[in-house]
Amino acid sequence: MITFIIVEAVALQASPYVNRNDLSPDQLQALAQQIHLWASELGFQQCGIVDPNLEQAYEDLQSWLKKDYHGEMSYLAAHEGKRKYPYELVPGSCRIISVRMDYTPPAFSALQLLKQPDKAYIARYTLGRDYHKTLRKRLTELGKKIHEHVEDLGYRAFVDSAPVMERPIAQQAGIGWTGKHTLILNRQAGSWFFLGELFINLPLPTDPPVERSHCGKCTACLDICPTNAFPKPYVLDATRCISYLTIEKKGSIPEELRPLIGNRIFGCDDCQLICPWNRFAKLTKEADFYPRHELDSASLLTLFKWDEATFLKNTEGSAIRRTGYEGWLRNLAVAIGNSSGGQAAIEELEAKRPLCSDMVIEHIDWAIERLRSGIASISPIQLR
Ligand code: B12
Ligand code: SF4
Ligand code: SF4
């Protein structure tokens, strides 16, 4: 069998341009193996080929939407048909290559930062270059590589942005299981990775799904969540999640949740930091994901002092831009209100106040009041 596959692989290379309709089952098998190798050469730590069935996932999504757990993310309710039947997104496609890319940068101590109330905590997935760009580019290169060998190939890369149910697809492609925190995790790699997909019009053989959860009786992620955002295991009320509040939500952050945000100014990692499987996570070798502009150690006041031009310059090519300068100031004002910044922080807040929108001013006033009354806190400091 092995010899045969190698022979077929050689045959593919020897006659690089085969029409996709002329590929035999053995050639498709050899090509699938080759795709795994190419994906690895392109910097993906894992790849799986899948012909997904998303009917159950779609039902779950509908009940989630009915509970309004999506908040202002109305795009999650759009393009229903394409979510359920993903091939409608790319007519003619019949397989999805699901990939994983690890993103933990070296020498980054999340716990140290969370313990320092005057420092800014930015989720580790976004300290460097915008992952959408890195992954989409590599996936397109993977498509090009396949196309070098197969005539009439159609392919299209997606990362996060389109109505693609990336997690159930990844699970069915064998990347990992769905943790109680709703993220995909893997026994060898934990959950610190991005997902991406290449839709393709080749009937490649598929990889086995991950059927078994390895969460067992553990509930650490549910218990640690600072804002109590999990109504039950496997279900997230996004409207309480700090990631939603600091990135996706426009306008005012509900006052009762502000003290719980601590110093997290963009995203949150707590449910992953506590997960025992993340002991097995590997550091990334992608320089793209290494921290830029000292975002892994900056103080809240340093970042709050950035004017809009500096914000735009320093977040060029970064996913942080998503929140906009107004959202950036809002998040920092909340975090400063949770800090031990004292008089110096009050002065910075007052100096910036006249330059801000009404929405940001409301958060600044909240912060000043807290600092004046001495309720300095970074709550909850559960992760130690
Ligand atoms: C919207 C969104 C968010 C929202 C909502 C998150 C959520 N859990 O849905 C917010 C802004 C809160 C968010 C936060 C984060 N996100 Co986000 N997000 C997305 C996005 C764009 C869509 C997810 C979605 O469709 N949600 C809707 C819900 C209903 O879908 P779902 O959780 O998949 O729902 C399933 C489960 O509820 C399940 N289910 C329901 N009942 C039951 C019962 C059982 C027993 C089981 C097993 C399952 C189950 O069925 C549902 C349908 O499949 C995806 C990219 C994509 N296109 O998929 C990235 C994505 C999920 N996010 C990602 C990341 C990295 C994050 C953060 C870690 C970022 C950060 N550090 O701040 C946090 C993690 C928070 C968390 N615990 O989920 C990665 C996750 C990678 C991974 N390892 O899984 C993704 C895949 C982006 C990417 N391309 O890499 N995100
Ligand atoms: S990212 Fe933070 S706030 Fe959101 S569910 Fe996880 S622990 Fe809770
Ligand atoms: S913390 Fe525990 S329950 Fe949560 S995802 Fe990890 S193993 Fe599963």
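Student: Which residues surround ligand 2?
Tutor: Keep in mind that we're looking at a predicted model. Helix 9 and helix 11 (270–273) each give two or more residues to the shell around ligand 2. The full set around ligand 2 is H181, C225, P226, T227, A229, L236, C241, I242, S243, C268, D270 and C271.

Student: And how do the residues of the shell around ligand 2 divide by class?
Tutor: Cys counts as nonpolar here, so C225, C241, C268 and C271 go into that group. The split for ligand 2 is eight nonpolar, three polar and one charged.

Student: How many residues surround ligand 1?
Tutor: Start with the closest ones, which are A57, D60, E166, S243 and G267. Helix 3 (55–66), helix 7 (166–172), strand 9 (193–200) and helix 9 (242–248) each supply two or more shell residues. By class, the shell around ligand 1 has 25 nonpolar, six polar and six charged residues. The total around ligand 1 is 37.

Student: Where does ligand 1 lie relative to the domains?
Tutor: The chain is divided into domain 1 (2–102 + 131–200) and domain 2 (220–373). Both of them give residues to the shell around ligand 1. That's why ligand 1 lies between domain 1 and domain 2.

Student: What about ligand 3, which residues are closest to that one?
Tutor: Ligand 3 has 13 residues around it, and by class they are nine nonpolar, three polar and one charged. Domain 1 and domain 2 both contribute to this shell, so ligand 3 lies between them. The closest residues are G179, C215, C218, C221 and C275.

Student: How many residues of domain 2 are in contact with domain 1?
Tutor: The C-alpha centres of the two domains lie 32 Å apart. On the domain 1 side, 23 residues make contact with domain 2, and by class they are eight nonpolar, eleven polar and four charged. On the domain 2 side the count is 25.

Student: Let's talk strands. Is strand 2 enclosed or open, and why?
Tutor: Strand 2 covers residues 46–50. Q46, G48 and V50 point one way from the strand, while C47 and I49 point the other way, and all are buried. With five of its five residues buried, strand 2 is largely enclosed by the rest of the structure.

Student: Which residue in strand 3 stands opposite C47?
Tutor: Strand 2 and strand 3 (residues 95–102) run antiparallel, joined by five bridges. In that pairing, the residue across from C47 is V99.

Student: And which residue in strand 9 is the bridge partner of V99?
Tutor: Strand 3 also pairs with strand 9, antiparallel again, over eight bridges. Strand 9 is mostly covered, with seven of its eight residues buried. The partner of V99 there is G196.

Student: Which residue in strand 9 does Y155 pair with?
Tutor: Strand 6 (residues 155–158) and strand 9 are antiparallel and share four bridges. For Y155, the bridge partner is I200.

Student: Is F289 buried or exposed?
Tutor: F289 sits in the loop between helix 11 and helix 12 (300–305). Leaving aside its neighbours within four places in sequence, F289 touches Y103, P105, G128, R129 and T284. A residue needs 20 or more other C-beta atoms within 10 Å to count as buried. F289 has 25, so the call is buried.

Student: How far apart are the C-alpha atoms of F289 and T104?
Tutor: Along the chain, these two are 185 residues apart. In space, their C-alpha atoms are separated by 7.6 Å.

Student: Which residues does M73 touch, beyond those up to four places away in sequence?
Tutor: M73 is in the loop between helix 3 and helix 4 (80–84). Its 14 C-beta neighbours inside 10 Å are why M73 counts as partly exposed. Not counting residues up to four places away, M73 touches A238 and E248.

Student: Last one: over which residues is the pLDDT below 50?
Tutor: The chain averages a pLDDT of 92, and 93% of the residues score at least 70. One stretch falls below 50 and has 15 contacts in the model beyond near neighbours in sequence. Where pLDDT is low, don't read the predicted coordinates in detail. The stretch you asked about is residues 1–15.

Technical notes. Residues are numbered from 1 along each chain as its sequence is written. Chains are lettered from A and ligands numbered from 1 in the order in which they are written. This is a predicted model: local features need pLDDT of at least 70, side-chain atom pairs count only at pLDDT 80 or more; totals for chains, interfaces and linings use all residues. A residue is near a molecule or strand if its C-beta atom, placed from the backbone, lies within 6 Å of it. Domain bounds come from an automatic or database domain assignment. A residue is buried if 20 or more other C-beta atoms lie within 10 Å of its own, exposed if 12 or fewer, and partly exposed in between; C-beta atoms are placed from the backbone. Two strands pair if DSSP finds at least two bridges between them. pLDDT is the predictor's confidence in each residue, from 0 to 100. Two residues are in contact if their C-beta atoms, placed from the backbone, lie within 7 Å.
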